[in-house]
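Let's take a walk through this structure together. Keep the picture open beside the text and look for each part as we reach it.

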Amino acid sequence: MDFWQNVLAACAALLILIAIMGVVYAIYSAVKANKQKAYFAELHANLKVGQRVAFAGGLFGKVVRVGEETCDVEVKSGAVVEVSRYAIQEISKK
């Protein structure tokens, strides 16, 4: 009988540890998501003509026009592409 009580206590302790780890991970994920949301809100609010931008797929270009929902980006070949403002992932320093 004493053996099963020890097993039950160990299982309860393990479940509590797993639950605490889950809560810590959820809090960490929420903080990271809020930081990322704030970063992209600032990035998309500060888009200006002439900036070099990068997309998630690795495409780089220069902003030619900024609209409400879309902007025109000129790529290296000289083609101007209309893209969603929210497709832009970063503003390049170069």
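Start at the hairpin of β1 and β2, where four residues sit between the strands. Here glycine 58 has a positive phi near 95°. What you are looking at is a predicted model. Follow the two strands away from the turn: β1 (52-55) pairs with β2 (residues 60-66) in the antiparallel sense, over three bridges. To spot one of the facing pairs, find arginine 52, which stands opposite lysine 62 in β2.

Strand β1 also has a second partner to show you. With β5 (residues 88-91) it pairs in the antiparallel sense, again over three bridges. Look for valine 53 in this pairing; its bridge partner in β5 is isoleucine 91.

Now let's look inside. Which residues make up the largest nonpolar core? There are ten: Phe40, Leu43, Leu47, Val53, Phe55, Val63, Cys71, Val73, Val83 and Ile88. At least two residues of this core come from each of α1, β1 and β3 (70-74). Valine 73 is a good place to see the packing: leaving out residues up to four places away in sequence, it touches Val53, Phe55, Val63 and Val83, among others.

Helix α1 (residues 2-45) is our next stop, and histidine 44 lies in it. Is histidine 44 buried or exposed? Its relative accessible area is 9%, and under 20% counts as buried, so histidine 44 is buried. Beyond its neighbours within four places in sequence, histidine 44 is in contact with Arg85, Tyr86 and Ile88.

Elsewhere in α1 you will find methionine 21. This residue is exposed, because its relative accessibility of 54% is over the 50% cut-off. Together with Leu14, Leu15, Leu17 and Ile18, methionine 21 makes a nonpolar surface patch of about 520 Å².

Let's finish with the charged side chains. How many salt bridges does the structure hold? There are two. In one, aspartate 72 meets arginine 65, with the closest N and O atoms 3.1 Å apart. In the other, arginine 65 meets glutamate 82 at 3.8 Å, N to O. This second pair links distant parts of the chain, since arginine 65 is in strand β2 and glutamate 82 is in strand β4 (residues 80-84), 17 residues apart. Arg65, Asp72 and Glu82 are thus linked in a network. Aspartate 72 is buried at 18% relative accessible area, arginine 65 is partly exposed at 32%, and glutamate 82 is exposed at 54%.

Methods:
Residues are numbered from 1 along each chain as its sequence is written. This is a predicted model: local features need pLDDT of at least 70, side-chain atom pairs count only at pLDDT 80 or more; totals for chains, interfaces and linings use all residues. Side-chain values use heavy atoms; hydrogens and water are left out. Buried means under 20% relative accessible area, exposed over 50%, partly exposed in between (1.4 Å probe, protein chains only). Contact means heavy atoms within 4.5 Å. Patches are made of residues with over 30% relative accessible area and no salt bridge: like charges are joined within 9 Å, nonpolar side chains (Val, Leu, Ile, Met, Phe, Trp, Tyr) within 5 Å. Accessible areas come from the Shrake-Rupley method with a 1.4 Å probe; for residues, only the protein chains shown count as cover. A salt bridge is a side-chain nitrogen of Lys or Arg within 4 Å of a carboxyl oxygen of Asp or Glu. A nonpolar core is a set of buried Ala, Val, Leu, Ile, Met, Phe, Trp, Tyr and Cys residues joined through side-chain atoms within 4.5 Å. Two strands pair if DSSP finds at least two bridges between them.
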